[in-house]
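This briefing goes through one protein structure for a reader at the bench. Please keep the sequence and the model open while reading the points grouped by topic below.

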Amino acid sequence: MAVVGMYPIDYAKYLPRRLFFLSEILNRMYFGFWQLICIHIAVVQIASVYVNWGKSLDDISQYLNTSLIYVFTYYIILYFQGRCRTHAKLINYLNENFKSRSAPGITYVTLEPAYKAANKFTHIWLVCCTFGTLHWAFAPILTGTRVLPLNAWYPFDALASPQYEIIYICQFLGQILVGIGYGIVGGMLMSKITLLNGQYDMLFCSLKNLESTAMILQGNHTEDLKKRQEKIDRTKDEVNEYYVSQELLENLNIATKAINTFGTREYNTEELELSNELTTTLKDCIKHHQMIIKFCHMLEHFYHFYNLGKFFQITFLVCLLAVTATTGQNSFMKMVTIAEYLSLATSELLLFCYYADMLTYQSTRLTEAIIRSPWYKCGGPVRRDMIIMLANSLKPFTLTAGKFFLLTVESFKSAMMASFSYYTLLTKFRARED
């Protein structure tokens, strides 16, 4: 994000102390450079729509597509430049508070599978977005033709030197901005949701192992825990019990030596309701749940306006791309480009809605996790704490688009239906023109 001017670069570490103030100035200049690249392309595309306004829809649809893409790209730049400190707080909260593994017990899960999934997805999505916007920009160089990557109206001869070289570089950088901007912003949002779902997995596993964790804290129960561990039949593991995590067997010899804060005494399951260890274990789960809820609200607060813009941008873009694809006057290369933009746009909105749905689903599964725990062995104070956790999970967490509507798979269906409706309307206007 720093490469394309969406996140500040810390120049101060390369400067002497008396020149630290230059870091802010250099960042503002760099931000302004990428804004200029983006707004230049957006303006000439909008001007091209205006110049060709009296012509048919087929003649201006391509300019409308590019205008919409670069106007929203400019919106992304302003959004993340203006809220870079808020975004930094969101990332810092994640790094400082997310746990790396569940509480010690008979079994445990770690954050590693979620991290690997998020990292792999971000790289694949970024490559797809960058390749989808950049590869055809090399076509003029490879074919040796003197054309611009993006057709547009200019108030001068854009194919004469040195204007052609300058405009080509600007449009090339603009395509880099679109590819990386769309790819990294979408990838980061979906990666945050994946890591958040991994935190839910760890909370569910900690609740499931509530009794064994209390036994480890109490001490002198290694042999009993090992016997319970040996009785676990891994062939009967519940399908889809965890979002992405894999449940592993705890090394009880290490766990019982590392965690023994309450001393040792005889263990009696009938007296478990009076166990301080069980209360301590549940309090850790409650704190973990509160941390997850806080991060969910921070995520919603930061991204809801971005989601709103993205939702409407893709809805209209899909409609315009469909109109452009059905003109019957497109070259093979142009059709490939349209197909790539169309697939990336629909895939991005579908992924946003799917990941948001999965986060909502995970937030409602706390009830299942508590049912798996030994709640029936717990005393009144512990059960009351569990009821509070259940009350917090009754209202599922949802990601919204500008607080107006929820991001769900049903929202994706509605967007595609709206795009088809707009496409039908535009094709009727085009038929009347013919």
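A polar contact, as the term is used here, is a pair of N or O atoms within 3.5 Å, and within protein one of the two must be able to donate a hydrogen and the other to accept it. The structure is a predicted model, and the protein in it has 14 helices and four strands. Buried residues make up 49% of its 434 residues.

**Overall build**

- The protein exposes about 21,700 Å², and carbon and sulfur atoms supply 63% of that area.
- Among contacts between residues at least 6 apart in sequence, 82% join residues that are at least 24 apart.

**Ser-161 and its polar partners**

- Ser-161 is found in the loop between helix H5 (139-143) and helix H6 (163-208), and its relative accessible area of 49% makes it partly exposed, because the exposed class begins only over 50%.
- The side chain of Ser-161 is joined to that of Arg-146 by a polar contact of 2.8 Å, and a polar contact of 3.2 Å joins the side chains of Ser-161 and Glu-165.

**Salt bridges**

- The structure holds 12 salt bridges, and one of them joins Lys-208 and Glu-241, whose closest N and O atoms are 3.0 Å apart. Lys-208 lies in helix H6 and Glu-241 in the loop between helix H8 (222-230) and strand E2 (248-249), so this pair ties together parts of the protein that are 33 residues apart in sequence.
- The two partners differ in their burial class, since Lys-208 counts as partly exposed at 28% relative accessibility, whereas Glu-241 is buried, with a relative accessible area of 7%.
- Lys-208 and Glu-241 are also linked with Glu-247 in a network of salt bridges.
- Within helix H8, Arg-228 and Asp-224 lie four residues apart, which is about one turn of the helix, and their side chains meet in a salt bridge with an N to O distance of 3.8 Å. Arg-228 is partly exposed at 26% relative accessibility, and Asp-224 is likewise partly exposed, with a relative accessible area of 31%.
- A salt bridge also forms between Glu-368 and Arg-365, with the closest N and O atoms 3.4 Å apart. Here Arg-365 is buried, with a relative accessible area of 2%, while Glu-368 is partly exposed, with a relative accessible area of 31%.

**Glu-300 in helix H10**

- Glu-300 lies in helix H10 (residues 276-325) and, with a relative accessible area of 5%, this acidic residue is buried, because the buried class covers values under 20%.
- The side chains of Glu-300 and Thr-400 are joined by a polar contact of 2.3 Å.
- When neighbours within four places in sequence are left aside, Glu-300 is in contact with Phe-397, Thr-398, Leu-399, Thr-400 and Lys-403.

**Nonpolar cores**

- The largest nonpolar core has 87 residues, of which Met-6, Phe-80, Leu-207, Leu-282, Leu-299, Tyr-303 and Tyr-306 touch the most other members. Helix H10 gives the most to this core, with 18 residues.
- Apart from this core lies another one, of seven residues, which include Val-44, Ala-158, Tyr-164 and Ile-167.
- Leu-299, one of the members of the largest core named above, is in contact with Leu-90, Leu-189, Lys-192, Ile-193, Leu-196, Leu-359 and Leu-399, again leaving aside neighbours within four places in sequence. Leu-399 is thus listed as a contact both of Leu-299 and of Glu-300.

**A nonpolar patch on the surface**

- Phe-21, Ile-25, Leu-26 and Met-29 form a nonpolar patch on the surface, and together they have about 390 Å² of accessible area.
- Leu-26, one of the residues of this patch, lies in helix H1 (residues 22-51), and at 33% relative accessibility Leu-26 counts as partly exposed.

Terms used:
Residues numbered from 1 in each chain as written. Predicted model: local features only at pLDDT ≥ 70, side-chain atom pairs only at ≥ 80, totals over all residues. Heavy atoms only, no water. Helix = DSSP H or I, 4+ residues; strand = E, 2+ residues; numbered from the N terminus. Buried < 20%, exposed > 50% of the residue type's maximum accessible area, 1.4 Å probe, protein only. Salt bridge = Lys/Arg side-chain N within 4 Å of Asp/Glu carboxyl O. Patch = residues over 30% accessible without salt bridge, like charges linked within 9 Å, V, L, I, M, F, W, Y side chains within 5 Å. Areas by Shrake-Rupley, 256 points an atom, 1.4 Å probe, with all protein chains shown as cover. Contact = heavy atoms within 4.5 Å. Core = buried A, V, L, I, M, F, W, Y, C linked by side-chain atoms within 4.5 Å.
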